[in-house]
Amino acid sequence: MASLLCLLLSAAAAATSPGRLVPYDLLYADGVRAYFARDWGRAAELLQRALHSYAGLRAARRGCRSACRREAAFLGGPPGAGPWEAALFGRVLQRADCLQHCLGLRLGAAPSAHRASRAIRHDFERREPYNYLQVAFFQLKKLDQAVSAAHTFFVANPQHLQMREDIEKYRRMSGVKLDNFRDLEAMPHWEAYEAGMQHYDADRYPQAVARLEESLTEALSALEECRALCEGPWEDEEEEEEMQPGLYEAVAAHYIQVLKCRQQCVLEIATKPGRISATEDFIPSHLDLLQFAYDQVGNQALAAECAASYLIFYPTDEPMLEKIKQYRTELGEDTDVTARESIQHYVQRSLMEKKLIYYAVEHLGGTFNDPDLWTPDEVIPENLKETHREDQEKQKQETLDVEEREKRGPLPFEGIAVTMDSRQMNGTQRVVFDRVLTESECKDLLRLTKAAGEAGDGYRARRSPHTPHERFEGLTVLKAVQLAQNGDVDWRDAKLLLQASEKSRKIIESYFTPGKKLHFSFTHLVCRTAVDGEQEGRMDLSHPVHADNCLLDSEGQECWREPPAYVYRDYSGILYLNDDFQGGGLFFTEMDTVTVTAEVHPKCGRLVAFSSGKENPHGVWAVSRGRRCAIALWYTHSQEHAEQERVKAEELMEQDQSDGGDRHGADHSGRSYSEPPIPNSRARLTSWRQKPGLDRTQHPKELQARDEL
């Protein structure tokens with residue numbers, strides 16, 4: 001009892017608390033209520049206190065678990081301490097007692113009072129309180145705090161459309177300084193890592209070494225904090241009362257849950273806020289980068305240490321083994337080259353946990369998504385190796401998505417590049433092609449819009465039906481041919497409109513529906529021009545979020561495929577003609593019309609195509625300066641809904657040619673619809689002489705467009 005008392009006093013001394021910590025979920029609920037009551041001062045105070053309480057609770061749990069791990073260690077008990085149950089569970093009870101007492105002193109209340117619901121925990125993980133805070137501070141005219149709160153939320157939620165607009169609004173406000181845009185929840189290891197990579201990419205190796213070492217240290221520290229927080233309560237809301245496990249099953253299940261959580265911590269620290277994919281091999285890649293940087297600054301001893309540390313993860317890596325030989329030659333064969341103790345401890349502990357988890361999966365059931373690529377084969381039980389290999393192959397397959405797409409659907413024209421596919425655009429049935437048109441072809445089509453505008457008939461600029469801040473001009477293929485007949489536009493340009501849209505149809509058909517005919521539903525050459533003097537403070541869109549073949553209900557999370565929607569449309573496309581304007585990009589959202597999932601920036605010859613249904617809600621950012629021109633295309637599988645104006649336009653074109661259309665210059669001698677194929681530049685260099693990090697664009701394995709926003 002005396003030793004236990006000393007243990008508790010020691011933990012209490014390490015956990016001195018200034019007073020009672022009010023549960024953060026209660027403060028958060030009160031803060032949100034004050035927010036909706038428009039009591040901005042109280043809302044700001046309560047939300048800040050909730051964030052402070054949340055941080056305090058996490059700090060208390062980390063501190064107490066660390067202290068009690070030292071004070072109530074499971075190993076090193078006196079020999080012959082009695083039956084194994086007393087020896088084991090006696091220590092367990094001491095640890096539990098230590099934690100309860102320590103947390104009670106730190107929090108000022110029973111730890112159970114601080115167990116928030118999963119929904120509330122999710123809100124804090126997503127930094128939702130800062131979303132409320134920025135509005136409250138704005139209403140209180142505390143712009144600097146509003147901007148910081150908004151930026152902090154936006155860093156973790158870059159897909160949030162409303163916050164994106166708010167950030168742009170703040171940037172235009174007088175009195176807002178650049179340093180107000182700071183992340184109040186910034187992670188030290190990410191700040192150091194990004195600074196280190198900037199130095200590394202610029203060949204400033206002394207500075208790179210300093211920041212990457214800082215990043216590695218902070219990352220390992222963050223990993224320990226994450227692991228400590230894994231030791232929370234058992235979570236299985238689906239467990240039925242009558243199916244509760246027995247003593248040993250329950251202990252085993254909870255322990256394995258904790259081990260799995262600890263293993264996933266490496267993904268948590270390797271995922272930058274706002275991203276959905278972790279940086280691959282985050283810890284080993286630090287060592288790879290550091291060994292190269294140390295070598296460049298002439299410190300072969302530390303370069304060798306980093307190389308040896310890297311080999312703990314990948315002991316058969318031939319390039320690194322060659323580097324070790326090189327360093328031993330330079331330092332002397334008798335030089336003892338050993339890995340860092342911190343890395344040895346990290347790998348040994350991780351392997352121990354993996355063995356226990358795989359044993360549990362093999363004998364007790366369940367699954368385990370191993371987060372590490374370096375896990376040795378011998379750790380995985382024989383009967384699980386096939387599943388593990390399948391998982392690894394699946395991950396590799398995801399990184400080769402673009403190549404596989406090209407193999408599945410060969411394109412009917414050479415020189416066209418698939419720039420982004422569905423996976424990279426974080427959706428389904430989406431793709432971006434480049435080099436569909438040449439620069440000269442884009443200029444000719446832009447000339448068509450200018451000539452049609454000067455002709456006036458059927459192409460008069462008017463206010464956009466979607467926004468008063470833009471002028472809208474539209475030209476159908478039939479109208480273009482009719483203008484050519486009247487001599488108002490060049491026949492060659494009218495013909496080019498037909499040819500460019502047909503080329504786009506063939507590309508989209510071959511990619512999405514090879515072997516199944518796509519018919520034109522409607523073709524429209526459209527220009528949107530920003531109205532001078534009406535852009536200040538503008539917050540609307542050039543084209544609101546919608547779907548092309550159904551009526552989008554964002555609140556009901558449904559899209560009704562019924563008139564007046566064009567229910568027969570199956571695929572949509574936009575072929576861009578220029579990029580000399582501001583804004584005007586296409587973006588996709590979730591069904592809520594707010595969460596942006598991908599964005600496409602216009603440029604000459606770029607074709608974006610997608611299915612027309614509810615899976616692809618999309619809109620167009622405001623054109624704030626200049627004139628944006630593109631060919632809007634819609635397609636259908638239904639022949640009865642084929643574009644009749646196009647049939648008439650093609651008949652007029654054929655009639656003109658049979659009547660001597662060559663006098664109009666029906667064909668540009670310099671116009672070409674195919675360009676020389678470009679060599680595949682995606683081949684990855686594997687020589688150890690290559691500077692590590694040159695293929696860093698592959699990490700995370702598939703950087704989603706959502707991360708890039």
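The following questions and answers concern a predicted model of one protein chain.

Residues are numbered from 1 along each chain as its sequence is written. In this predicted model local features need pLDDT of at least 70 and side-chain atom pairs count only at pLDDT 80 or more, totals for chains, interfaces and linings use all residues, and side-chain values use heavy atoms, with hydrogens and water left out.

Me: How many helices and strands does the chain have?
Reply: Helices (H or I, at least four residues) and strands (E, at least two) are DSSP runs, numbered from the N terminus. On that basis the chain has 22 helices and 16 strands.

Me: What percentage of the residues of the chain count as buried?
Reply: Buried means under 20% relative accessible area, exposed over 50%, and partly exposed in between (1.4 Å probe, protein chains only). The chain has 709 residues, and the share of them that counts as buried is 48%.

Me: Which helix supplies the largest share of the largest nonpolar core?
Reply: A nonpolar core is a set of buried Ala, Val, Leu, Ile, Met, Phe, Trp, Tyr and Cys residues joined through side-chain atoms within 4.5 Å. The largest one has 58 residues, and Tyr 200 and Tyr 346 are among those with the most contacts inside it. Helices that each supply at least two residues of this core include H9 (188-201), H10 (205-229) and H15 (341-364). The largest share, 10 residues, comes from H10.

Me: Which residues are in contact with Tyr 346, leaving aside its neighbours within four places in sequence?
Reply: Contact means heavy atoms within 4.5 Å. With those neighbours left aside, the contacts of Tyr 346 are Leu 220, Leu 223, Val 266, Ile 283, Phe 313 and Trp 374.

Me: Is His 286 buried or exposed?
Reply: His 286 is placed in helix H12. Its side chain is joined to that of Ser 215 by a polar contact of 2.7 Å; such a contact is a pair of N or O atoms within 3.5 Å, where within protein one must be able to donate a hydrogen and the other to accept it, and residues adjacent in sequence count only if both atoms are side-chain atoms. Because its relative accessibility is 0%, His 286 counts as buried.

Me: Which side chains are joined to that of Asp 370 by a polar contact?
Reply: Asp 370 is found in the loop between H15 and helix H16 (382-399). Its relative accessibility is 8%, so Asp 370 counts as buried. One polar contact, of 3.1 Å, leads to Tyr 358, and another, of 2.8 Å, leads to Thr 375.

Me: How many residues apart in sequence are Arg 606 and Asp 434, whose side chains meet in a salt bridge?
Reply: A salt bridge is a side-chain nitrogen of Lys or Arg within 4 Å of a carboxyl oxygen of Asp or Glu, and here the N to O distance is 2.7 Å. Arg 606 lies in the loop between strand S12 (596-600) and strand S13 (607-611), and Asp 434 in strand S2 (residues 430-434). Both Arg 606 and Asp 434 are buried. The pair links distant parts of the chain, 172 residues apart.

Me: Why are Arg 505 and Glu 502 separated by about one helical turn?
Reply: The side chains of Arg 505 and Glu 502 meet in a salt bridge (2.9 Å, N to O). Arg 505 counts as buried at 6% relative accessibility, whereas Glu 502 counts as partly exposed at 23%. The separation is about one helical turn because the two are 3 residues apart in helix H20 (residues 491-512).
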